[in-house]
Each structure stands twice: as C-alpha cells, then as structure tokens.
Amino acid sequence: MSTATSKVMRVALRGDSILTHPRFNKGTGFSTAERKAFGLTGRLPFCVNTLEEQCVRAYDQLLVREEPIRKNSFLQSLKDQNWVLYYGLLTRHLKELIPIIYTPTQADAIANYSHLFRRSEGMYLTFPNEETMERDFLEQTKGRDIQLFVVSDAEAILGIGDQGVGGIGIATAKSAIYTLLAGIDPSKAVSVTLDVGTDNQGLLNDPLYVGWPNKRIRGAAYDRFVDKFVQLVRKHHPHSLLHFEDFGIGNAKRLLDLYHDKHAVFNDDIQGTGAVTLAALTSAVGVTKSKLSDQRIVVYGAGTAGLGITRQLRDGIMAIDRLSEADANKKFFLLDRFGLIKQSLGSSKIRPDVREFVRPDAEWADASANERGEVGLLEVVKKVKPTVLVGCSTQAGAFTEEVVKEMAKHTERPIIFPLSNPSRLVEVHPSDANDWTGGKALLATGSPFPPCKQPNGKEYVIAECNNALIYPGLGYGAMITQASIMTDTMIIAGARRLASLSPALKDPDNALLPDFSEAKHVNFEVAVAVAEQAITEGSAGVEWRKEDIREKIRENMWIPEYAKFVYDERGEK
C-alpha cells in the first residue's frame, strides 16, 4: 500500500500547533524538510518513519491491550492524535478492528462515556444552551465545507438504550465508518449529540456524568430544539447529508418523515438496516429462483428496526416487482409484544406507525389465541406458512425448534434472518436453524457467526447484515452528487447493487452477502449506484454524465496517506 501521495497541502500551523492537530500531525512521519519548515526538528526524534512503519508500531501497541474496551480507548486516543495513522491502521486490519471501534465494543465505551472522557470529540448541543445554539454551531462549522452531519439524541443506543450525552460516541463511530469505508474526508464531517437530558437513572445518579443531569425533554420543547438544529444545517450547509442515528422509537420515523422532502436526510436504524436486509433478501430470492413479491414475510419485532426493515422490503417489492402499496403491504405479518398486529388489539395496543400493516380479524377467526386474544409466533407460522422469517425482537431463542421446523415443512428453502444484536440476543443461533432445516435454510444475522456444517460436510458461510456494508455508500452517493434529498429509489438502487455482489448468486451454498473484508469495494459500488440514480431522477446538484461517476467518486475519496506539506501563513489551519 502506498504511504505517500503527490498531493501538496499548504498549512499555516507550526510547532506544537501542528503536532497536536490530528488532521495535520504526522508524528515521526514528518520529512526532514517538513521538520525544518514547521519548527519540528527539536520536537521529534531523529528517525523519519513511513506510514507503514508507524502502522506496525501502532498495531504492536494495540495488541498488548487484551480487553476490547482497552483497545477501543487506544484507538480513540490514536484518532485524537493522527487521522492518517488511525485510518491507515484500521484499513490494514479492517475485519479485526471494526468490532472494536463500532458494534459491539463501542456500546461499552458509550455506556461508560463519562468515566472514560478525556477530550471533546464533536459538537455538543445542550438544551439549556438553546439560545446560543447558532453561535455554538458556527464556532465549529463557519468557513468549513461540511458534507456530513451525524447526529444522535442517544435515546436508543445500540441495544443498550438511553445513554444521554454518551450519544456522541455513536455519532463519532458512524462518522469514522463513513471515512473508512466510503472515503469521506474526516475534516468535512461533524459528529453531533443533542443533549436533551436522559431518563437513564444510573446516569442521573452518577456524580461523574458529564451531560445535562436532567430528565429527557419531550413534546414541543424537544421538537423546537431539534428543528433549530436542522434549520442551521439547512441554512449554512444546504448540500450536506444529515444522518440521524439511534433516536427513540417515538421520534426516529417521525423526524425522518418530517424532513425527508426538505433536506438530504438519512436514518441508518430505519433505512440502513432496511437496505442491507433488502439486499440479503434479494440475494436469497435469487438463489430460490423466485421473486420478492412471491414471499410471505413474518417480522418478529416491530420496533424502529423491524418497522424500518418492513417498509424497505415493501418499497423494494413495489419498485422491483411493480406491486401497489396496498398489495405489497399484504405480504407482511408483524408481531410485537402483543403478538400478531391485528385489528382487534385496538388503538391502545396498535401504534400509529404500524397501522398500514394491521391484519384484518377475519383472517384469524380460526386461529388459536391466548386469554387476551393475542396470536403468538408459532400460530402465525402455522397459518401463514412464511417463506421469510425476520427477527428484530432482541428476544433470545424466540425462533424455537418447533417454529423453525414448522416453517421448513412448507417451503423448500426457508429464509431466516435473526437480526437482533448483540449475538447473545439473537432469535435463533444459525447453527441450530441450519440443523433443524437439514441445511436448507438461507441465513443472515445481525452479528457475526462462524460457518455452519452442512449435511454434505461443506461449510455454509453466514451472511452478516451489517449496516456498514451499505450505509457509507448510500450516504456518499448522495453527498458526492449534492443530492437535494435522499430518495427511496436511491436507497433501493444501492441495495440492489449490494445484492448483485452476493457470493450466493455464484454458489448457492455461499453467503448471501459479501464478506466484511470486501466492505470498501462494496460501498464504492453502492455509492456509484446511488449517484447514478440521483442523476437519473434529477435529485443531484451536479451536472455529471453517468459514465463519469466512477472516476468522479474515485477522485474525491479521502485516502489515509500523508500529503506533502508546505508552510504558508495563508494556508489551512
């Protein structure tokens, strides 16, 4: 891998100022000439290292830290010091280190944020300081070409719930993945936490909690605060992408719908999760030689992720197989804590956002129900005879042997996606689903699992529905074309491109999605598909020919390599 580029940057910082700036610091990578020009000769040891040598040293330092949370802290410290070295190291050990900087280890880091806090890592917009929000916003963004804002209010973090100001940790992690896998320049991304309080009593009782120690605000005050931030983004950076992350179930879809047609907005929990699942399902129906519209889909867990997946699959069916929305909705059977979502549950048990998927009672007149009239998963599987079973419930073991075997009675290749994270909460272990179906199940999970043994002795690789296989490319395709909005058709185009890269299309015994080690190539292809769609449908803000898109994206991708620095008082700082 190359360790230097022909790129030249004119920089106005000298001495300690450049050594403490992560965008410009090279550590021992400064050349002899650069050390003289920037006043660093006496501030650094004599040897000049290549980036490759620095990565070897940093990796050795990482390996002496055995616990994942300590590895996470080391990498966070490295990012605070030197962006090129941080991303260079991650690039060289991608599959090994993504779980350290992202899920699952980042969840532990976020839960302990106040106790691990060392320095600021983004933009903290706090409700008591609402009157100074624009000034605080401009302090960090004025004069900068910001292409990406990743924002969280931390109400529903990575399966661990409300984490208050620690939400900055998920925003920075997602932003880092954009850089690592799609090539967005980290200097053009801002991570934001909207600190609107927390209902996590443990945090409120913690004397070291660094956020606003107040119960979470809701209602009109919350909406006003969020809207003020969104309007600042729209006013000062109209061509940026606004990525919503880990908002609670009461706000995630509502905010996405509110701003969908006003700015390029994206919610990974809803759209990213849905898009990668659509890609996996598209691959699976390719293996079964069927169509999306042929499927009967049971979704167990109708929260933010489950509903996002349902809508994305529904939209895919409509776009690819040309069904009406009403007909596509009929392909889905949703269950939540009250069992199957059907009419007789009543308004007190049916959330407004699931109403389009409510099943009529007449369908279920002969179904077995409990004393409260609720129909459970096994009964739904018996009656519906699903071809697809999706789990987003965090109910470990919910897909029992009886449920899986009942499903397998009625379909040759049952498609089973236990997507709950972390792995201990998975609805069924893939090896069990594989055994109970005689090796016929087509499987994808939300967490990484080892391959399963087939009856013929071959190994079946379990696809991981990791959002990072697609959301960086979805976002980058919108950003690079300065799309005015992120359309559903752009997302579907990205999902179909990911599905086209499925190893299972060449070998049905292979994984439904590419291995994560291919994530950079995959996201590049996704970005190309999204950009092509944006230009085709007229939502792009650039006037490019479709045949030039690949080269345009390559030209604009940030790569972790050291540029040559020239000192200039009017240069960057």
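What is the accessible surface of the chain, and which share of it belongs to carbon and sulfur atoms? In this predicted model, the accessible surface comes to about 23,600 Å², and carbon and sulfur atoms account for 49% of that area.

The overall dimensions of the chain were examined next. Along the principal axes, the C-alpha atoms fill a box of roughly 85 × 55 × 50 Å. For 573 residues, a compact globule would be expected to have a radius of gyration near 25 Å. The value computed for the chain is 24 Å, so the chain agrees with that expectation. Of the 573 residues, 57% are buried. Among contacts with a separation of 6 or more, 71% are made by residues 24 or more positions apart in the chain.

The secondary structure consists of 23 helices and 16 strands. With regard to charge, the chain carries 69 positive side chains and 72 negative ones. The centres of these two sets lie 3 Å apart.

One residue, Leu97, illustrates the local arrangement. Leu97 is placed in helix H6, which covers residues 94-101. Its relative accessible area is 1%; because buried means under 20%, Leu97 counts as buried. When neighbours within four places in sequence are left aside, Leu97 is in contact with three leucines, namely Leu62, Leu89 and Leu90. A further pair of positions relates sequence to space: Leu97 and Gly27 are separated by 70 residues in sequence, and their C-alpha atoms are 22 Å apart.

The cysteines were considered last. A disulfide is a covalent bond between the sulfur atoms of two cysteines. A search of the whole structure finds 0 disulfides. Cys47, for example, takes part in none, and the nearest cysteine sulfur, that of Cys55, is 15 Å away. Because a disulfide requires a pair of cysteine sulfur atoms within 2.5 Å, a separation of 15 Å does not qualify Cys47 and Cys55 as such a pair. Cys47 has a relative accessibility of 45% and therefore counts as partly exposed. Cys392 is likewise in no disulfide; for this residue the nearest cysteine sulfur belongs to Cys465, at 9.5 Å. With a relative accessible area of 17%, Cys392 is buried. The two cysteines thus fall into separate classes of accessibility, Cys47 being partly exposed and Cys392 buried.

How values were computed: Residues numbered from 1 in each chain as written. Predicted model: local features only at pLDDT ≥ 70, side-chain atom pairs only at ≥ 80, totals over all residues. Heavy atoms only, no water. Buried < 20%, exposed > 50% of the residue type's maximum accessible area, 1.4 Å probe, protein only. Helix = DSSP H or I, 4+ residues; strand = E, 2+ residues; numbered from the N terminus. Rg over C-alpha atoms; globule rule 2.2 N^0.38 Å. Contact = heavy atoms within 4.5 Å. Areas by Shrake-Rupley, 256 points an atom, 1.4 Å probe, with all protein chains shown as cover. Lys, Arg positive; Asp, Glu negative; His and termini not counted. Charge placed at Lys NZ, Arg CZ, Asp CG, Glu CD.
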